[in-house]
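Let's take a friendly walk through this structure together. Have the viewer open, and we will go from the annotated site to the ligand and then to a set of strands.

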Amino acid sequence: MSDALCTLVEATHGQRDADWCGRKVLVINEGWGSLVIAYQGAQLLHFAPHGQQGWLWTTPTPKEAPDAIRGGIPLCWPWFGDADGHEGPAHGTARTAPWRIDAVDEHQEGVEVHLSPEQRLDPQLTPRVVIQANAQRLNIELITEHTGDTPVSFTQALHTYLAVDQSFECRISGLAGARYLDKLDGLREKDQQGELGIRGALDRIYHSSRPLLLESGNTTRRLAKQGSDSSVIWHPGSALPGDVPAEQAQRFVCIEAACTQLDRVWLAPGSHHLLAQHLSLETRDS
Ligand SMILES: O=P(O)(O)OC[C@H]1O[C@H](O)[C@H](O)[C@@H](O)[C@@H]1O
């Protein structure tokens with residue numbers, strides 16, 4: 001966890017709003033653990049069960065608000081990747097928009113937080129987010145309701161940045177045999193041979209709905225998902241974006257639960273779609 005986020009969490013007992021790098025954030029620090037959510041983009045920036053290191057990575061040097069924050073779980077909505085015929089930035093408008101917190105339901109074992117955008121982000125689609133956290137797991141749901149009149153399709157992602165010891169020593173299992181589009185090779189279609197070891201720059205869209213295991217050092221994390229047939233794996237390698245300091249280059253890997261050009265979501269008026277990612281620690285007998 002970045003020093004500034006760490007200081008915020010340590011200075012919090014219970015729940016409060018605070019400022020992080022010019023952005024309003026909700027900080028919760030309870031017996032079960034801690035989390036930090038930015039009102040910008042409904043972006044979860046930090047989650048840790050009590051006594052554990054943070055599970056997510058967030059840059060200590062974000063661009064100025066309201067530019068997108070690199071880290072935690074950015075929402076790519078209502079499109080993933082390039083503007084895809086829309087007018088607007090890569091990965092959509094949700095991650096830079098102001099959101100409001102509709103409810104914080106705290107209980108002995110954990111917390112559930114509900115968020116919705118302050119303004120309409122799409123003419124027909126309305127998103128909301130539910131984050132559930134406790135000492136064992138983190139669940140995030142991005143629910144899209146069709147509140148318009150005509151069928152519409154969209155793409156999206158929960159663009160999760162996982163904190164790791166050494167990016168280029170990580171292994172991701174659960175993708176063996178899956179087809180993928182290699183974004184670093186002109187979107188060529190390829191087959192994953194064996195398990196995936198991250199050893200350099202990687203930008204791939206796997207056609208897969210399976211749960212994945214991320215092994216980093218002595219820790220194995222399980223990432224399951226719902227409502228998603230695309231798993232995006234991304235690390236920039238040595239071509240670091242400007243908001244990633246060199247010493248942080250090996251501290252993260254992105255494993256994204258997505259709906260992409262491989263599995264666009266079609267919604268009829270009055271229907272909804274639920275995209276979810278579930279993170280937990282893998283133990284030997286689980
Ligand atoms: O820099 P961003 O807009 O946050 O995008 C970061 C990355 O997100 C995804 O993982 C895409 O597959 C990548 O192509 C992109 O570079």
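Which residues does UniProt list for "active site"? The unreviewed UniProt entry lists H159 and E256; such positions are given in the numbering used here, with feature names shortened, and annotations may be inferred rather than shown by experiment. H159 and E256 are spread over 98 residues of sequence, yet they cluster in space, with a largest C-alpha distance of 4.6 Å.

Please keep in mind that this is a predicted model, in which local features need pLDDT of at least 70, side-chain atom pairs count only at pLDDT 80 or more, and totals for chains, interfaces and linings use all residues. Residues are numbered from 1 along each chain as its sequence is written.

**The annotated pair**

H159 sits in the loop between β11 (156-158) and β12 (161-163), while E256 belongs to strand β21. Strands here are DSSP runs of E with at least two residues, numbered from the N terminus. The table gives the surroundings of both residues, counting C-beta atoms placed from the backbone; a residue is buried if 20 or more others lie within 10 Å of its own.

| Residue | State | Other C-beta atoms within 10 Å |
|---|---|---|
| H159 | buried | 25 C-beta atoms |
| E256 | buried | 26 C-beta atoms |

Contacts (C-beta atoms, placed from the backbone, within 7 Å) add detail. Leaving aside neighbours within four places in sequence, H159 is in contact with I73, P74, C76, C254 and E256. With residues up to four places away likewise not counted, E256 touches A157, L158, H159, T160, S231 and V232.

**Around the ligand**

E256 also appears among the residues around the ligand, together with A68, A90, H91, K183, D203, V232, W234, P241 and C254. A residue counts here if its C-beta atom, placed from the backbone, lies within 6 Å of the molecule. Strands β20 (230-235) and β21 (252-259) each supply at least two residues of this shell. By class, the shell has six nonpolar, one polar and three charged residues; Ala, Val, Leu, Ile, Met, Phe, Trp, Tyr, Cys and Pro count as nonpolar, Asp, Glu, Lys and Arg as charged, and the others, Gly among them, as polar.

**Paired strands**

Two strands pair if DSSP finds at least two bridges between them. Strand β18 (residues 212-216) runs antiparallel to β19 (residues 219-226), joined by five bridges, and S216 has T219 as its bridge partner. The two form a hairpin with two residues between them, where G217 in the turn has a positive phi of about 55 degrees. β19 is also joined to antiparallel β23 (residues 272-281) by six bridges, with A224 opposite H278.

Conventions. Helix = DSSP H or I, 4+ residues; strand = E, 2+ residues; numbered from the N terminus. Buried ≥ 20, exposed ≤ 12 C-beta atoms within 10 Å, placed from the backbone. Contact = placed C-beta atoms within 7 Å.
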